[in-house]
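Colleague: Got a minute to go through this one with me? I'd like to hear about the contacts between the chains and then the DNA.

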2 protein chains.
Amino acid sequence: MGSLEEAIKQKEFKDPYNKLVVNLLYTHSYLVTAQNNILKPFDLSPEQYNVLRILRGQNGVPTTVSSIQDRMLNKMSNASRLVDKLKAKELLERRECPSDRRQVDILITEKGLQILNDLQVHMEGFNTQVINLSEEEVIIMNDLLDKLRG
Amino acid sequence: MGSLEEAIKQKEFKDPYNKLVVNLLYTHSYLVTAQNNILKPFDLSPEQYNVLRILRGQNGVPTTVSSIQDRMLNKMSNASRLVDKLKAKELLERRECPSDRRQVDILITEKGLQILNDLQVHMEGFNTQVINLSEEEVIIMNDLLDKLRG
DNA sequence: CCCTATTACGTGTATATACAATTAATATCA
DNA sequence: TGATATTAATTGTATATACACGTAATAGGG
C-alpha cells in the first residue's frame with residue numbers, strides 16, 4: 001500500500017507534477033476514509049464535524065450561515081443544508097438575527113459541545129497515527145502546501 | 001489566498017499534524033475546483049475523466065468493472081455507475097465477457113479517445129499552473145506523501 | 001455432482017459537492 | 001422616496017461518495 005504506483009496500479013507518470021496531482025487526490029481519499037471510520041459511530045460526516053468545530057471556535061458568539069460557509073474547507077459545499085442536518089440532531093440552534101432579518105444566528109448547543117468532547121479522545125491520536133511523518137517533515141509539507149496554492 | 005489560516009479564517013492550529021490534515025483537505029478542494037473548470041466544457045466530471053484515462057491506458061485491451069474500481073483514486077467510488085454514465089455518452093463500450101459471464105469487458109470508444117485528445121491541450125499546462133512549486137519541491141512532496149500513508 | 005463460498009456486478013439510500021436559480025431583506029443612489 | 005442593486009439564505013438538480021444488500025455466475029471441496 002506504500003507507493004502510489006502500487007495503490008492505483010499505474011506503472012509511471014508523465015512527470016512529477018502529474019504524479020503530485022494524483023498523489024494529492026489519492027491521499028485525500030485515504031485521509032477522509034480514516035476520518036469517516038472515527039466519525040461513523042457518532043453519526044457525523046466529516047463536513048458536519050467541520051461545521052461543529054467552527055461553531056465551537058466561536059466561544060458562544062453566534063455566527064451566520066455565510067460566515068460558516070467562508071470558513072469551510074470546501075468552499076463549494078452547502079452550509080445551509082449542513083446546518084439543517086445538525087439542527088435536526090439538535091447539535092446547534094438557529095435564531096433569527098434581530099439586526100438583519102436575512103441572516104440567521106447559529107449557535108452550537110450543549111449536546112453539540114458534548115459530542116465534540118466525546119470525540120476528542122478518539123481524535124487525539126488520530127492525526128499522528130494517520131500521518132506517518134516526523135514533525136519536521138510535517139512542517140515542511142505544510143509550507144509546501146501553502147506555497148503550492150500560490 | 002496564500003496561507004491556510006487566511007483562507008479558512010482560523011488563527012492557529014493545535015499542532016503541525018492537525019494543520020496538515022486540514023491543509024490536505026483544503027488543497028484537495030482547491031485542486032478539484034481547478035480541474036472542474038477545465039472539464040466542465042467537456043461535460044465530464046473528474047472521476048469520469050479518471051475512468052477514461054484508465055481505459056486509454058489499456059491500449060485496446062478490454063478491462064473489467066472491478067479492475068477499473070481497483071485503479072480508481074477513490075476506492076469507495078462506484079465504477080459501475082460511472083461506467084453507465086460514460087456508456088450513455090458513448091465514450092465507452094460494454095461487452096459481455098465470454099470466458100466469465102459475471103464480468104463485463106469495458107473498452108474506450110473512438111469518441112472517448114477523441115475527447116481525451118481534445119482535453120490534452122487544456123490539461124497540458126494545467127499541472128504546472130495549478131502547482132506553484134519547483135520540480136525539486138514537487139519531488140520532495142511526492143516522497144513525503146508516499147511516506148505519509150505508511 | 002452437489003452444496004457452499006466466493007466473486008462480479010448492480011441497486012438502493014443517505015450524505016455531500018457543484019452550480020444555477022429563487023426569495024426576502026437591506027443598501028444604494030438618482 | 002422609489003427604483004435598482006446587492007446580500008443572505010434556501011431550494012432544485014445532477015453528480016459522486018459511502019456503505020449495505022441482492023443476484024447471478026463461477027470456484028472448490030466433499
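Modeller: Sure. Keep in mind that this is a predicted model. A good place to start is A:Lys147, which forms a salt bridge with B:Glu137, their closest N and O atoms being 2.8 Å apart.

Colleague: How many salt bridges does the rule find across the interface of chain B and chain A?

Modeller: The rule finds 4 across that interface. As for polar contacts, 27 residue pairs count between chain B and chain A, with both residues at pLDDT 80 or more.

Colleague: And which elements of chain B give two or more residues to the side that touches chain A?

Modeller: They are α1 (4-7), α2 (16-39), α4 (65-71), α7 (126-130) and α8 (135-148) of chain B. Of these, α2(B) gives the most, with 19 residues.

Colleague: What's the mix of residue classes on that side of chain B?

Modeller: It divides into 27 nonpolar, 16 polar and 10 charged residues.

Colleague: OK, what about the area buried between chain B and chain A?

Modeller: About 5,800 Å², with carbon and sulfur atoms giving 65% of that. In chain B, the residues that lose the most area to chain A are B:Tyr17, B:Leu73 and B:Arg149, together 15% of what that side buries. The contact takes 53 residues from each of the two, chain B and chain A.

Colleague: What rotation superposes chain B on chain A?

Modeller: A rotation of 180°, with 0.0 Å of shift along its axis and an RMSD of 0.0 Å. The two copies are therefore related as by a two-fold rotation axis. Also, 100% of the interface residues of chain B are interface residues in chain A too, so the copies meet through the same surface.

Colleague: Switching to the DNA: which residues come nearest to strand D?

Modeller: Of the 26 residues around DNA strand D, the nearest are A:Ser80, A:Arg81, A:Arg94, B:Ser45 and B:Ser77. On the DNA side, sugar and phosphate make up 76% of the strand D atoms that come within 4 Å of the protein.

Colleague: Any phosphate examples? And what touches a base oxygen?

Modeller: For phosphate, a polar side-chain atom of A:Ser80 lies 2.4 Å from a phosphate oxygen of DNA strand D, and a polar backbone atom of A:Ser66 is 2.7 Å from a phosphate oxygen of that strand. For the base, an N or O atom in the side chain of A:Arg102 is 2.7 Å from a base oxygen of DNA strand D.

Colleague: Which element gives the most to the surface near strand D?

Modeller: That's α5(B), with 3 residues. By class, the surface near DNA strand D has 5 nonpolar, 11 polar and 10 charged residues.

Technical notes: Residues are numbered from 1 along each chain as its sequence is written. Chains are lettered from A and ligands numbered from 1 in the order in which they are written. This is a predicted model: local features need pLDDT of at least 70, side-chain atom pairs count only at pLDDT 80 or more; totals for chains, interfaces and linings use all residues. Side-chain values use heavy atoms; hydrogens and water are left out. Contact means heavy atoms within 4.5 Å. Buried area is the accessible area (1.4 Å probe) that two parts lose on being put together, summed over both. A salt bridge is a side-chain nitrogen of Lys or Arg within 4 Å of a carboxyl oxygen of Asp or Glu. A polar contact is a pair of N or O atoms within 3.5 Å; within protein, one must be able to donate a hydrogen and the other to accept it, and residues adjacent in sequence count only if both atoms are side-chain atoms. Helices (H or I, at least four residues) and strands (E, at least two) are DSSP runs, numbered from the N terminus. Ala, Val, Leu, Ile, Met, Phe, Trp, Tyr, Cys and Pro count as nonpolar, Asp, Glu, Lys and Arg as charged, and the others, Gly among them, as polar. Copies are superposed by least squares on the C-alpha atoms of residues with pLDDT of at least 70 in both. A residue is near a molecule or strand if one of its heavy atoms lies within 4 Å of it.
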